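Visitor: I keep hearing about pockets and cavities. Could you show me some and tell me how the names are chosen?
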Amino acid sequence: MWHKSEAKVPLNRQNQSSYSSLNESNCIVFVNGKSGGGDGGRILDELRTMITKEPNQSFHVFDLRSEEDWLLEEIHQIMTEKAGKEFRFVVGGGDGSVRWMLQIIDDLLKSLPAEHVSLAVMPLGVGNELSRCVGWSKEFTRSILSTWQRSLQNYMKHVVDGWNINLDRWNIKISSNDLEGGSLIEDTFMTCFFSIGFDAEIARKFDRLRSRRPKLTSSRGINKFWYTTYGIQQLMSPSPPIHQFIRIAVDGVDIPLPTNIRTLQILNIHSSGDGVDFFGISDRPVSRDILTDHSTPSINDGLLEIVGTTGVFGLIKTRLGFEHSIRIAQGRHIVIHVQKDEGKDGLALQLDGEARTIFSGYDIEINHRDQVSFILGPGTTRGIPH
């Protein structure tokens, strides 16, 4: 169920939904056929074969590349026929696909209230950050000793039997104050992370390459090559410190930014940059941290963590576990004012892995939206309360 509460929701298995067999479930599976370096197409074929061989299987399979209006109509019909039932959605793709699926579910629930709706992730993207946090690992692939069909049967069993956990979701409003009274540029949401700085610039360069030359971004391995290439460029020619461009207030308090950070990151989950925990959930505070007294971060505590990373070297040291990024603040309401940009190219912003461009005079407001239900996978989790 989509929740409006900001309260911390512990993982209480007595109060969570579970299914005893696949035939009793209402699973709707979406797979991006182009994801996973071609694995997405193979997975679609195998899932459809499973349904053909086992007519009693009650899950439905769709290609995310299908036309959106048609998809909505098909799902609407399925949910109407089983009104009031519990539904488990599966999305096969990256964090962008998960974000798209959440928007689809939002639209559906406006007219189709269900008893409970939850979402599982089949990680077929590049970073797969949310998947890492909720137990579905960094990548879906078949075992050397297994077939695709057996791997998918095992995966679907976990989808059916898995426990639910609530995840905070946040409103993001981007507006321009250049005009009298201001104007709304974008009203959207965040589930994973938000950043302004060098990592957002890397994401923007990749996004532009993908738009211009899609054949050069056709697999996970190639995509990681481009991210590494753009990271090396940042190492050789670093972006300026981010305090030159933005001001930030957290819960109504202006927060001075360290002058040596080159990106500001706002975290709802603690996996970004291909699995890095920039906050260092289990680390002790260090002298350079501004935030030294805080509650233990979790994915449903109604709080965001704000950190700053000094550059590519800082990212590498954090990835290797030698340090965490500079802890700046923890809070529920964040306002960022863009006081300067880098000219015609503006300033790069990254939202759940998707790149955007903002300009001088923009204001960004972040506050709590609701909670959405995810199915826990069988693997290691991060930021999950017990």
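Guide: Sure, and keep in mind that this model is predicted. Let's begin with the lining of the second largest pocket, whose residues divide into 6 nonpolar, 8 polar and 2 charged.

Visitor: Which residues lie nearest the centre of that pocket?
Guide: Phe140, Asn154, Tyr155, His158 and Pro378 do, out of the 16 residues that line the second largest pocket. As for its volume, that is about 250 Å³.

Visitor: What makes a residue count as lining?
Guide: A lining residue has an atom within 4 Å of a point of the pocket or cavity. For the second largest pocket, β4 (116-123) and α5 (148-161) are the elements that give two or more such residues. The most come from α5, with 4 residues.

Visitor: And how many cavities of 30 Å³ or more are there in the whole structure?
Guide: The search finds 1. The largest cavity has a volume of about 70 Å³.

Visitor: Why is it called a cavity and not a pocket?
Guide: The name fits because a 1.4 Å probe fits at the points of a cavity but cannot get out, whereas a pocket is an open set.

Visitor: What lines the largest cavity?
Guide: Among its lining residues are Gly197, Phe198, Glu201, Arg262, Glu342 and Leu347. Two or more residues each come from α6 (198-212) and β14 (347-351).

Visitor: How does the lining of the largest cavity divide into nonpolar, polar and charged?
Guide: You get 6 nonpolar, 2 polar and 3 charged residues. Glu201, Arg262 and Glu342 are in that lining, and they count as charged because Glu and Arg belong to the charged group.

Conventions
Residues numbered from 1 in each chain as written. Predicted model: local features only at pLDDT ≥ 70, side-chain atom pairs only at ≥ 80, totals over all residues. Heavy atoms only, no water. 1 Å grid on protein atoms, 1.4 Å probe; cavity = no way out; pocket = protein on both sides within 12 Å on 5 of 7 lines; lining within 4 Å. Points joined across faces, edges and corners; volume = space filled by probe spheres on them.
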